[in-house]
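The following exercises are to be worked with the sequence and the model side by side. Each task is followed by a solution in steps.

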Amino acid sequence: ILNENGIKSFIIKTYLPIINKIIQKYLQILEFDIEFEFDETFNERIKFFGREDVHYFALSEGQKLRLDLCLLFTFRDISALKNSTSTNLLVFDEIGGSSLDSEGFDAYLRIVFADAEKGSNILIISHDNYMQTNDVLDRSLEFIKDGTFTELIEEK
């Protein structure tokens with residue numbers, strides 16, 4: 001039943017078009033102009049600037065992060081859609097201070113804010129002052145490490 005021609009194959013063939021469609025939706029939102037799809041064995045096919053078979057590791061760190069975020073949001077959507085498994089909590093650690101450029105980060109925030117409007121609680125852990133100085137977030141907490149303890153010093 002679980003071999004390549006059994007129920008596993010049926011499930012993958014059923015959901016694969018949906019997965020690939022949602023991936024393309026998030027690639028557009030994240031303003032990443034590539035074609036990405038999984039085949040029936042979950043091998044990726046990346047088409048970038050007209051070149052076929054670009055490997056994931058040939059992408060820049062910012063491009064990899066956009067693709068990783070796209071896949072994260074895609075499989076979260078699939079999980080909620082098909083398994084009735086949904087979460088109202090997302091925690092991101094240091095996405096803002098990573099290799100995303102400002103356009104990529106703004107696109108990422110659009111997805112996050114859309115989730116927040118649907119009732120998700122989003123925690124973004126960052127050392128980057130961009131979000132605070134540009135009034136991007138509704139609320140921020142600032143912590144400082146004092147010896148072995150972490151203390152809340154300011155709530156904005």
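**Exercise 1. A salt bridge and its partners**

With which residue does the side chain of Arg-110 meet in a salt bridge?

*Solution.* The model is a predicted one.

Step 1. The side chain of Arg-110 meets that of Glu-31, with 2.7 Å from N to O. A salt bridge requires such a nitrogen and a carboxyl oxygen within 4 Å, and the pair meets in one at 2.7 Å.

Step 2. Arg-110 lies in helix H3 and Glu-31 in the loop between H1 and S1, so the pair ties together parts that are 79 residues apart in sequence.

Step 3. Arg-110 has a relative accessibility of 41% and counts as partly exposed. Glu-31 is partly exposed as well, at 44%.

**Exercise 2. Further salt bridges**

State how many salt bridges the structure holds, and describe the one formed by Asp-77 and the one formed by Arg-45.

*Solution.*

Step 1. The structure holds six salt bridges.

Step 2. Asp-77 pairs with Lys-25, and their closest N and O atoms are 3.6 Å apart. Because Asp-77 belongs to helix H2 and Lys-25 to helix H1, this pair ties together parts that are 52 residues apart in sequence.

Step 3. Both partners must be placed on the scale of accessibility. Asp-77 is partly exposed at 22%, and Lys-25 is partly exposed at 39%. The value for Asp-77 is 22%, and the limit for a buried residue is under 20%.

Step 4. Arg-45 and Glu-37 meet through their side chains in a salt bridge, at 3.3 Å from N to O. Arg-45 is partly exposed at 23%, and Glu-37 is partly exposed at 33%.

**Exercise 3. The order of the elements**

Determine how many helices and strands the protein chain has, and in what order they run.

*Solution.*

Step 1. The protein chain has four helices and six strands.

Step 2. Read from the N terminus, the elements follow the order α-β-β-α-β-α-β-α-β-β.

Step 3. The contacts show how far along the chain partners may lie. Of the contacts between residues at least 6 apart in sequence, 50% join residues at least 24 apart.

**Exercise 4. The nonpolar core**

Identify the residues with the most contacts inside the largest nonpolar core, and the elements that supply the core.

*Solution.*

Step 1. In soluble globular proteins, nonpolar side chains tend to be buried together. In the protein chain, buried residues make up 31% of the 156 residues.

Step 2. The largest nonpolar core has 34 residues, and Phe-36, Ile-46, Leu-67, Leu-69 and Tyr-108 have the most contacts inside it. Two or more residues each come from helix H1 (7-29), strand S1 (34-38), strand S2 (44-48), helix H2 (61-83), strand S3 and helix H3 (102-117). H2 gives the largest share, seven residues.

Step 3. Take Leu-69 as an example. Beyond its neighbours within four places in sequence, Leu-69 is in contact with Leu-30, Phe-92, Ile-95, Leu-100 and Tyr-108.

**Exercise 5. Phe-92: buried or exposed?**

Is Phe-92 buried or exposed, and which residues does Phe-92 touch?

*Solution.*

Step 1. Phe-92 is found in strand S3.

Step 2. Its relative accessibility is 5%, so Phe-92 counts as buried.

Step 3. Not counting residues up to four places away in sequence, Phe-92 touches Leu-69, Leu-72, Phe-73, Tyr-108, Val-112, Ile-122, Leu-123, Ile-124 and Ile-125.

Step 4. Consider one of these partners, Ile-122. Phe-92 and Ile-122 are 30 residues apart in sequence, and their C-alpha atoms are 7.8 Å apart in space.

**Exercise 6. A polar residue in a helix**

Is Asn-20 buried or exposed?

*Solution.*

Step 1. Asn-20 has its place in helix H1.

Step 2. With a relative accessible area of 13%, Asn-20 is buried.

Step 3. Leaving aside neighbours within four places in sequence, Asn-20 is in contact with Glu-37 and Phe-38.

**Exercise 7. The surface**

Find which residues form a nonpolar patch on the surface, and which strands supply them.

*Solution.*

Step 1. The protein chain exposes about 10300 Å², of which carbon and sulfur atoms supply 52%.

Step 2. Leu-89, Val-91, Leu-123 and Ile-125 form the patch, and together have about 350 Å² of accessible area.

Step 3. Strand S3 (89-93) and strand S4 (121-125) each supply at least two of the patch residues.

Step 4. Leu-89 has its place in strand S3. Its relative accessible area is 43%, so Leu-89 is partly exposed.

Key. Residues numbered from 1 in each chain as written. Predicted model: local features only at pLDDT ≥ 70, side-chain atom pairs only at ≥ 80, totals over all residues. Heavy atoms only, no water. Patch = residues over 30% accessible without salt bridge, like charges linked within 9 Å, V, L, I, M, F, W, Y side chains within 5 Å. Areas by Shrake-Rupley, 256 points an atom, 1.4 Å probe, with all protein chains shown as cover. Buried < 20%, exposed > 50% of the residue type's maximum accessible area, 1.4 Å probe, protein only. Core = buried A, V, L, I, M, F, W, Y, C linked by side-chain atoms within 4.5 Å. Contact = heavy atoms within 4.5 Å.
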